[in-house]
Each structure stands twice: as structure tokens, then as C-alpha cells.
Amino acid sequence: MRILLYGGTFDPPHNGHLHNLSLAAARVRPDRVIVMPAGVPPHKAASATPAALRLEMCGCFRALAGTEAIPQLEISDWEIRQAEKGIKNYTDTTVSMLTEAYPDDKIYLAVGSDMLLTFDRWHQWEHLLNNCQLVAVSRECDDREALWAKAARLDPTGARILFAADDAMPMASSQLRAALQRGEDCTDALPESVRRIIAREGLYLPMETQKHSGLTIAQAQQLAKSRLGEKRYHHTENVKNLAVELAQIHGEDPEKAALAAWLHDTAKEMPKAELLQILQDNVIIKNNPAARPEPVWHGICAAILAQTQWGVQDQEVLDAVECHTTGRPGMTKLDKILFLADMTSAERSWPGVEELRALAKKDLDAAMLAALDHTISFVRQQGGDLDPMSIAAYEDLKKQTEGNHKL
Ligand SMILES: [Fe+2]
Ligand SMILES: [Fe+2]
């Protein structure tokens with residue numbers, strides 16, 4: 001049996017991908033195609049699009065299945081699962097996995113021209129080339145000669161690198177993302193199923209939308225729903241209800257409270273590797289956040305995603321999301337409301353939660369002090385890493401309310 005592997009980041013998958021896979025399949029005539037979106041590719045910066053959505057968007061490749069060139073097509077989440085387990089994956093690892101799983105079959109790997117040109121920088125490339133045959137697909141119109149020359153150097157026997165028909169459809173996901181953000185119409189470049197998911201999830205939102213209307217509360221709720229499991233979505237809904245109630249009691253804008261609450265845990269179920277990548281990619285706008293304890297990353301990442309991907313412009317909302325697990329010196333009313341709503345949401349049952357919830361409705365500062373005191377003691381008791389921001393927040397509040405009492 002011939003198996004053709006087609007991998008990529010697919011952020012988003014586009015008509016160029018479908019075209020290239022068709023060309024590679026026409027050359028190889030595989031019995032089965034495996035489309036495999038990358039987890040966090042070691043040689044590329046990961047995107048902010050959740051892996052589960054890239055996987056879902058890859059459903060568009062099913063349109064090619066059942067044809068003469070592609071009798072069977074499977075979409076595999078293997079590399080995504082590897083990344084979720086924190087395993088750094090290379091193409092060589094994936095192909096080795098396939099050769100073990102299908103010992104009697106022949107594995108082909110579709111590679112774009114840019115990949116072929118840098119192939120000898122890939123991890124274990126010689127081993128990889130021994131384990132499979134490459135099918136090179138042109139991505140640019142004039143790159144044939146460079147590709148042939150490279151192939152001759154990589155494989156002097158000429159047996160291991162095949163060429164698909166020369167019919168390049170130049171198109172890149174990065175350019176499409178940028179075009180979508182500029183609000184350009186990309187209907188011709190994207191399969192309909194992909195366009196539907198992009199619209200549903202608010203991916204690659206146009207800059208115009210960001211500038212003028214930002215993210216609506218309904219869109220934020222939708223984001224929470226699509227990105228969280230049932231239990232955490234339920235928690236988020238409770239946080240939203242309490243945050244709105246506290247905002248009404250204490251004279252804060254309930255809409256801001258609702259928006260911040262829907263967003264606060266939207267990065268909580270992302271794999272650690274993706275969170276780390278987001279922090280590293282945004283190290284300039286957030287001061288070395290990866291050095292802070294891991295449990296606080298999800299708030300920082302949610303704020304980064306809200307700002308860079310979902311069009312949230314309101315700095316107060318972004319700040320409240322960012323510091324919802326830690327607090328910070330100079331907390332605003334909205335920061336305190338979200339922090340307390342998260343800590344005392346209706347489904348919480350830790351000893352003392354009811355008293356703190358009642359106190360939050362009466363006196364935000366007193367409740368914040370008690371909440372930080374509780375959080376700091378809890379982390380210390382558990383032997384966890386204490387975020388310096390929490391201590392700074394506590395000391396700042398203490399100074400404002402009572403004087404110089406030290407921890
Ligand atoms: Fe959280
Ligand atoms: Fe939460």
C-alpha cells in the first residue's frame with residue numbers, strides 16, 4: 001500500500017493546500033492520504049489559533065477523498081497529541097511512527113518547494129530520506145531549476161525525490177491571515193467550511209472590526225464556549241454572573257465586567273507548549289512572563305490573544321483578564337471585581353468562600369485583602385511558586401487601607 005503524508009501548520013488550510021495535495025496525489029497515486037496538522041513545529045513559531053480549530057479546519061481536505069487519485073483520506077491528530085503531551089516532534093519522528101505502524105507499506109511525504117530547499121537543515125534528514133520518498137510540489141512559479149539542483153544534491157541517486165506536476169498555486173497561510181486582518185475578501189482562497197469556522201470563532205479578525213467595534217459580549221461568550229470544556233464553561237458563566245452583579249453594586253460598567261469574565265479563562269485549556277510559545281512571541285509587549293509561575297500564564301495569554309487576535313481594545317478589560325489569578329499593584333475596580341468573582345463564583349466550595357463572596361458585595365478592598373491573604377497562604381502551604389505580583393498586590397492594598405503591616 002502507498003501512504004502519502006501531508007503535513008503542515010494549516011493556519012488556516014487554504015485552496016493552495018488542496019491544490020498541492022491533489023498534485024502530489026496525482027504523482028504518487030496513494031491508496032491512502034494522511035493529513036496531519038502540526039502540533040508545535042520546532043522550526044516554526046506556533047500560531048495563536050488553538051490546535052483543535054486547525055484540526056477542525058482540516059476537515060476541508062475530505063472534499064478530495066473518494067476520487068481516483070485519493071481513494072481514502074484520513075485526518076490525524078497524532079502530532080497535535082504529541083505536542084499536548086509536551087513531546088517535541090519532528091517530521092522524522094512522525095514518519096518513523098508511520099513506518100512502524102505500516103511496516104509493509106511505502107510512505108511518501110509531500111513537501112513544498114520551500115521545505116525541499118531547506119530539507120538538509122531538518123532534524124535527522126538523512127534518516128528521514130531513507131524512511132520515505134519525498135514528493136516535491138512547487139509553491140512558486142519559477143522555482144523548478146532550484147528544486148532540481150537541490151534534489152540532485154540531497155539524493156544523487158535520484159530515486160528518493162519525486163516531482164509533482166509543475167502547476168504552482170502560490171498562496172501562503174501567513175499572507176491570508178494578514179489579508180483577513182486587513183478585512184480583505186479571501187473567499188476565493190478559502191474552502192467554505194474553513195470560512196465558516198473562521199467566522200464562528202472570530203479568527204483573524206479584521207483590523208477595522210477591532211478599531212471600531214471590538215469584540216462583542218456575545219462573541220466573547222462564543223469564544224469561551226468553543227474553547228472550554230463543559231465544566232470550565234459553567235465556571236466562566238458563574239464568574240460572569242457574579243462579576244456583573246459586583247459591577248452593579250460597586251458602580252462599575254457591567255458590560256466591561258461581562259466581557260472580561262467571558263474572556264478570563266479562554267487560554268486555560270491550551271497546551272503548555274502553546275502558552276509558552278505565545279509568551280515567547282510577545283516577549284516585547286509583556287515583560288518576560290515565561291519566568292512567572294506556570295499557573296498564571298493562562299491569564300496573560302488570554303489577554304494577549306484578546307488584544308492581538310480578537311480585537312479587544314479596552315485596556316482595562318485586558319488588564320483585568322491578565323491579572324485575574326495574581327492581582328497587581330494599583331488594581332482597578334474592574335481588576336478586583338474579576339479577581340473576586342473568579343475566586344468566589346457560585347460553584348466554588350472551599351471553606352470560607354461564602355464569607356468572602358458576601359464581603360465582596362460589601363467592601364471590595366477588604367475582600368481583596370482577604371482574598372490575596374488566602375491565595376498567598378494557600379500557595380505557600382502547597383509549596384507552589386508564589387508569583388511576586390501577588391505579594392506586590394497585597395502590600396500595595398495593605399498600604400492603601402491600613403498602613404505598613406507586612407506579610
Ligand atoms: Fe483562571
Ligand atoms: Fe477562572
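**Close-up views of strand β1 and the nonpolar core**

**View 1. Strand β1 meets strand β2.** Let us start with a pair of facing residues in this predicted model: I3 stands opposite R32, which belongs to strand β2. The two strands, β1 (residues 2-8) and β2 (residues 32-37), run parallel and are joined by six bridges. To get from β1 to β2, the chain passes through helix α1 (residues 15-28), making a β-α-β crossover that is right-handed.

**View 2. Strand β1 meets strand β4.** Here β1 pairs with strand β4 (residues 106-112), again in the parallel sense, over four bridges. Look for L5, which has L109 of β4 opposite it. Is β1 mostly covered or left open? It is mostly covered, with six of its seven residues buried.

**View 3. A24 and its contacts.** Now turn to A24 and set aside its neighbours within four places in sequence. Which residues is A24 then in contact with? They are L4, Y6, A110, V135, V137 and A164.

**View 4. The largest nonpolar core.** This view takes in a core of 106 residues, where L5, A24, A243 and A260 touch the most other members. You have already met L5, opposite L109, and A24, in contact with residues including Y6 and V135. Helix α15 (residues 297-308) gives the most to this core, supplying eight residues. Both domain 1 (2-170) and domain 2 (217-400) take part, each with at least three residues in the core. As general background, nonpolar side chains in soluble globular proteins tend to be buried together.

Definitions and conventions:
Residues are numbered from 1 along each chain as its sequence is written. Chains are lettered from A and ligands numbered from 1 in the order in which they are written. This is a predicted model: local features need pLDDT of at least 70, side-chain atom pairs count only at pLDDT 80 or more; totals for chains, interfaces and linings use all residues. A residue is buried if 20 or more other C-beta atoms lie within 10 Å of its own, exposed if 12 or fewer, and partly exposed in between; C-beta atoms are placed from the backbone. Two strands pair if DSSP finds at least two bridges between them. A crossover is right-handed if, with the strands pointing away from the viewer, the path from the first strand over the helix to the second runs clockwise. A nonpolar core is a set of buried Ala, Val, Leu, Ile, Met, Phe, Trp, Tyr and Cys residues joined through C-beta atoms within 7 Å. Domain bounds come from an automatic or database domain assignment. Two residues are in contact if their C-beta atoms, placed from the backbone, lie within 7 Å.
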